[in-house]
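Dear colleague,

Please find below the structure that I am handing over to you, with its sequence. My notes on what was found follow it.

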Amino acid sequence: MPSTPNTASVLVVDDEPDLRTLYELTLLREGHAVVAASDLTQAREWLAQQRFDVLISDMRLPDGLGLELLRELTEAQREEKCIVITAYGSAENAVESLKAGAFDYLTKPVDLKQLRSAVTAALQSQRGPLAPGANGGSASGTGNGAAADAPRKPTIAASGAASLRRIVGNSPSVVQIKARIEKVASSMAPVLILGESGTGKELVARAVHDCSHRSAGPFVAVNCGAIPENLIEAEFFGARKGAYTGATADREGYFQAARGGTLFLDEIGDLPLAMQAKLLRVIQERRVRALGGVQEEAVDVRLVSATHRDLTALVQAGNFRQDLFYRLNVIALRTPALRERRDDLPGLVQALLARLCAESGQGVPDVSPRALAWLQSRELPGNVRELENLLQRALALSSGDALEPEDFGEVDSDDEVPTQPDELPGGDATAASMSGPPAEIPADLQTYLDEQERQVLLKALRESDFNRTAAAARLGLNLRQMRYRIQRLGISMPSDDEEPT
């Protein structure tokens with residue numbers, strides 16, 4: 001078979017001659033240059049002689065563990081991407097190898113299609129995503145690791161750089177998470193994103209995808225808590241025609257839809273226990289069986305999960321499987337709360353205003369020092385999501401060229417508001433007392449804020465005899481913005497004999 005632009009030099013380490021030969025022949029047919037070793041000693045001799053693109057090693061060898069090779073390569077800062085082969089059901093070894101820096105793992109008996117895919121993915125991650133119109137050639141021109149004098153660092157696709165820019169802020173916690181995203185994006189290890197609600201966990205998940213070699217593939221986001229329990233298996237794994245009432249045709253599940261890309265499981269802590277067991281099996285076997293189907297099919301996805309809940313506490317309470325937590329928590333990322341990075345708030349305000357105004361077609365207003373100081377004084381338990389809602393409401397209520405504290409609907413003109421951010425007293429308790437929260441904290445912040453905005457719009461409409469143009473002028477909006485808010489908030493305009501709702 002003629003070589004392809006994605007050929008690589010591969011070292012295969014396995015003590016079983018038949019399997020070693022099978023792996024060699026499979027990869028040779030793909031155009032790769034392959035050498036083999038039967039134990040750690042021979043593998044070390046090959047590694048001393050040349051560099052490889054990919055190392056494939058069985059976990060258990062006659063003179064030690066394949067994990068030893070992986071750690072030696074990491075300590076020597078070698079560039080080989082390592083794929084570890086583990087015994088069936090040996091979840092601990094697979095997780096340990098991924099935490100030690102392995103690119104991927106395969107489970108015995110090895111599916112040859114998965115072997116080929118893993119090598120291709122490892123090679124792509126090492127050399128970086130292809131630019132549009134690129135011919136796919138390697139940096140060295142040959143694909144042979146021995147020919148490359150300098151280490152090759154994968155480049156981040158344009159989409160990855162854009163995703164990192166969307167994570168706004170220069171505080172140490174934000175800089176750290178961006179650097180960690182770049183580091184973990186190049187492997188297949190599952191990622192678990194932890195953080196409070198509204199801290200941008202999906203933004204981080206998308207950045208992991210966009211910075212990886214899978215950036216050209218699909219990114220499928222799933223809210224695990226929003227799927228009815230009786231439909232969850234069909235939604236995840238697909239269903240065959242007639243599998244349940246109403247299944248009139250075959251349909252794909254989330255795993256099939258994310259093939260070649262990333263599957264983002266948001267609010268993984270809300271997944272029912274029965275589904276947790278099924279998900280664990282898919283992660284271990286990398287195969288799914290559609291509801292009503294007979295045969296399993298291989299799935300090629302990278303899993304990224306997120307939750308605002310304490311999974312360790314859920315495990316201890318028996319509400320989350322410990323083995324699933326162990327498999328998902330290979331690489332952990334934590335999104336910081338807004339109170340932990342107050343210095344980023346001015347930049348966040350500007351970025352959010354720019355996006356909100358672009359969506360509604362209006363100019364971006366200034367934010368007065370008093371308004372910024374008022375925002376800095378708030379506790380903002382809803383984090384960036386709450387900040388966005390406050391700014392959205394201020395845009396609807398503002399009638400001037402700059403946003404003022406009164407535009408946020410919770411400050412009267414007579415209230416005392418700090419004039420500069422540096423005048424704010426210290427401490428969360430003081431900040432909370434200055435913010436003037438409602439008497440009762442709403443159970444659903446988004447619903448509460450929407451209702452406040454809805455009442456303001458209804459009042460302006462009533463006082464303008466339901467003339468949308470006049471009401472928009474009173475609120476400092478144009479007619480297009482007014483129509484958008486009326487539709488979004490579900491305000492029905494009355495006919496002559498109806499009352500507005």
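In this predicted model, valine 84 stands opposite tyrosine 105 of strand β7. The two strands concerned, β6 (residues 81-86) and β7, run parallel and are joined by four bridges.

This pair belongs to an open sheet of five strands with parallel pairing, arranged in the order β2-β1-β3-β6-β7. At its edges lie β2 (33-37) and β7 (104-107), each of which pairs on one side only. From one strand to the next, the twist averages 20°.

A helix, α3 (residues 66-75), packs on the sheet. There α3 touches three strands, namely β1 (9-13), β3 (54-58) and β6, and the direction of α3 makes about 150° with that of β3.

Helix α3 also packs with α2 (residues 40-49), at an angle of about 25° and with the two axes 10 Å apart. Because angles under 35 degrees count as roughly parallel, α2 is described as roughly parallel to α3. The crossing in which α2 passes α3 is right-handed.

Which residues meet where α2 and α3 are in contact? From α2 come Leu40, Ala43, Arg44 and Leu47, and from α3 come Gly66, Glu68, Leu69, Glu72 and Leu73. By character, the residues of this contact comprise five nonpolar, one polar and three charged.

With kind regards

Methods. Residues are numbered from 1 along each chain as its sequence is written. This is a predicted model: local features need pLDDT of at least 70, side-chain atom pairs count only at pLDDT 80 or more; totals for chains, interfaces and linings use all residues. Side-chain values use heavy atoms; hydrogens and water are left out. Two strands pair if DSSP finds at least two bridges between them. Axes are lines fitted to C-alpha atoms, for helices over the stretch in contact, and angles run from 0 to 180 degrees between N-to-C directions. Contact means heavy atoms within 4.5 Å. Angles under 35 degrees count as roughly parallel, over 145 as roughly antiparallel, 65 to 115 as roughly perpendicular and the rest as oblique. A crossing is left-handed if the near helix is turned anticlockwise from the far one by less than a right angle, and right-handed if clockwise. Ala, Val, Leu, Ile, Met, Phe, Trp, Tyr, Cys and Pro count as nonpolar, Asp, Glu, Lys and Arg as charged, and the others, Gly among them, as polar.
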